[in-house]
Amino acid sequence: MKNYIRLLLSAVILLSCTLVSFAENKGTVFVIPVETEIDNSAFHHFRRALTQADEAGASLVMLRLNTYGGALDAADSIRTALLRLNIPTVAFVDVNAASAGALIALACDSVYMAPGASMGSATVVNGAGEPMPEKYQSYMSTIMRATAEHHGLRQEGDTMIWRRDPAIAASMVNPTESVSLTGSQAIECGYADGIASNIGEVLEQLDREGARVEYYNSSLSDDILGFLSNAAVRAVLVMLILGGIYMEMHTPGLGVAAAVSTVAAVLYFIPMIAGGAIPAWVLLLFIAGVVLIALEIFVVPGFGVCGISGILAVAAALVGAIMANDAVTGIDLSSFGRSIAVVGAGSIAAIAIVWYLTSSHGPKCFRRHSELMTELKVSDGFVGVDMGPAKYIGQYAETVTVLRPAGKIEIGDKIFDAVSTGDFIQPHRRVKILRYENAQLYVIESTHES
């Protein structure tokens, strides 16, 4: 009996080792769900998922797609990352891969579609669902065509044909008749490699059944960082940073504006720092800008070279931070354009908000604490200085009283206080007005005869 039990245990152990070895030979398949709108937040999650896939030693990355698309810039970033990935990629279109989703699916090495799924309709539209101008459609069409061409040619008989016809990819971008493919249509034109109901069937067709499957699961911190990576959120943070700096430069002391600007700056840079994609020069440029602004606030009066240079340095650092954050897909003109667009939108919003808050239409609580809007009233104890007598500088007058050195002089039929800049001057003497300071006319006795 004991021998029988030992034999059974040995068989179980051997079978387990065999299965583990079989699974290891098949490698690890890392599944990344893409089931939301494609935006910068989705790109952040995708990049984080690629890091996890690398840590898991994945031999295959699978994207489970069910999306109606989203932002072209984010989709292009995901596409570029897929094309540069050194391990095989496969797209499993579970339900739908439209617009930006079609571009992402096209970037994968293999595509499998669930029964009833569709892929295509890559026309660029605005927030209202209306087609964008022709230049946007042309750019999207070019990207789709280039992605199809990336997969190269295959031999069919004696001729070489495209593995994925670029013309079909370009035809998906058409405001009037954009092409959308079903599973069978995609297989027929070479855009899909098979039909599968689930991930298990996809792995069977790839001869990877039994492979270990791991899924990307975002943590709360990933969700927060993804939210902060959204282009609209970044623009709002830029608005708070620049608007807070400007308001602080025109508000006595360190107050709410400085606190808001500081918190916004921390939130802006956190995703880049967490991803390790921010270079030292960006932080140094940002710190230099803050130092220049501090000099403007505490050392140099008014709003001059230090303040303007500081704001420009901060803005340049904000642009550089976004470009560095796109380093996974390579810094290019499109990355620079996206950075300028985000920071530009935030800057325009900051100008508009500051103008409103400091205008006569803005809330009194902001105008009351802004030096730009402070009104020095006599009723509050402020005394204004009449600069009218300054117009008499260089003219002649006659003393009414003795100037010892202060006294009275007469100009026309008006009497003014005056101070002698030389010896005491007797009454009814001719004097020349030299300057006007501290509400006093300063005179000197004149020997010039009129």
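**Close-ups of a predicted chain**

Of the 450 residues in this chain, 41% count as buried, where buried means under 20% relative accessible area, exposed means over 50% and partly exposed covers what lies in between (1.4 Å probe, protein chains only). The model is predicted, so local features need pLDDT of at least 70 and side-chain atom pairs count only at pLDDT 80 or more, while totals for chains, interfaces and linings use all residues. Residues are numbered from 1 along each chain as its sequence is written, and side-chain values use heavy atoms, with hydrogens and water left out.

**Figure 1. The whole chain, before zooming in.** The secondary structure comes to 15 helices and 15 strands. Helices (H or I, at least four residues) and strands (E, at least two) are DSSP runs, numbered from the N terminus. Take the contacts between residues at least 6 apart in sequence: 64% of them join residues at least 24 apart. Contact here means heavy atoms within 4.5 Å.

**Figure 2. A closed barrel of 5 strands.** Going round, the strand order is 11-12-13-15-14, and the pairing is mixed. From one strand to the next the twist averages 55°. Two strands pair if DSSP finds at least two bridges between them. As a reminder, strands of a sheet pair through backbone hydrogen bonds, either parallel or antiparallel. Strand 11 and strand 12 (residues 406-411) run antiparallel and are joined by 2 bridges. Strand 11 is also antiparallel to strand 14 (residues 430-437), this time with 3 bridges. One bridge to pick out in strand 14 is at Lys432, the partner of Tyr396.

**Figure 3. Thr399, tucked into the barrel strand.** Thr399 sits in strand 11 (residues 396-399). With a relative accessible area of 1%, Thr399 is buried. Across in strand 12, Ile409 stands opposite Thr399. The Thr399 side chain also reaches the backbone nitrogen of Arg429, at 2.9 Å. Leaving out residues up to four places away in sequence, Thr399 touches Lys408, Ile409, Ile425, Gln426, Pro427, His428, Arg429 and Val431.

**Figure 4. The hairpin loop and its cis bond.** Strand 11 and strand 12 are joined by a hairpin through 6 residues. Pro405 lies in the loop between these two strands. Look at the peptide bond from Arg404 to Pro405: it is cis, with omega near -10°. For background, most residues other than glycine have a negative phi, and most peptide bonds are trans.

**Figure 5. Two loop residues with positive phi.** Neither of these is a glycine. Ser99 has phi near 50° and belongs to the loop between strand 3 (89-98) and helix 4 (100-107). Asp207 has a positive phi of about 60°, and its place is in the loop between helix 8 (199-205) and strand 10 (212-215). What about their surroundings? Ser99 is buried, at a relative accessible area of 13%, whereas Asp207 is partly exposed, at 49%.

**Figure 6. Helix 4, shut in.** All of helix 4 is out of sight: 8 of its 8 residues are buried, so the helix is largely enclosed by the rest of the structure. The buried residues are Ala100, Gly101, Ala102, Leu103, Ile104, Ala105, Leu106 and Ala107.

**Figure 7. Leu63, a strand residue with helix 4 in view.** Leu63 is found in strand 2 (residues 60-67). Its relative accessible area is 0%, so Leu63 is buried. From Leu63 to Ala105 is 42 residues in sequence but 8.1 Å in space, C-alpha to C-alpha. Not counting residues up to four places away in sequence, Leu63 touches Ile32, Val34, Phe46, Leu82, Val90, Ala91, Phe92, Ile104 and Cys108.

**Figure 8. Helix 10 against helix 12.** Helix 10 (residues 231-249) and helix 12 (residues 280-298) pack at an angle of about 25°, and their axes are 9 Å apart. That makes the two helices roughly parallel, a label for angles under 35 degrees, with over 145 roughly antiparallel, 65 to 115 roughly perpendicular and the rest oblique. Axes are lines fitted to C-alpha atoms, for helices over the stretch in contact, and angles run from 0 to 180 degrees between N-to-C directions. Ile245, Glu248 and Met249 in helix 10 meet Ile293, Glu296 and Ile297 in helix 12. By type, the contact residues divide into 4 nonpolar, no polar and 2 charged. Nonpolar covers Ala, Val, Leu, Ile, Met, Phe, Trp, Tyr, Cys and Pro, charged covers Asp, Glu, Lys and Arg, and the others, Gly among them, count as polar.

Key: A polar contact is a pair of N or O atoms within 3.5 Å; within protein, one must be able to donate a hydrogen and the other to accept it, and residues adjacent in sequence count only if both atoms are side-chain atoms.
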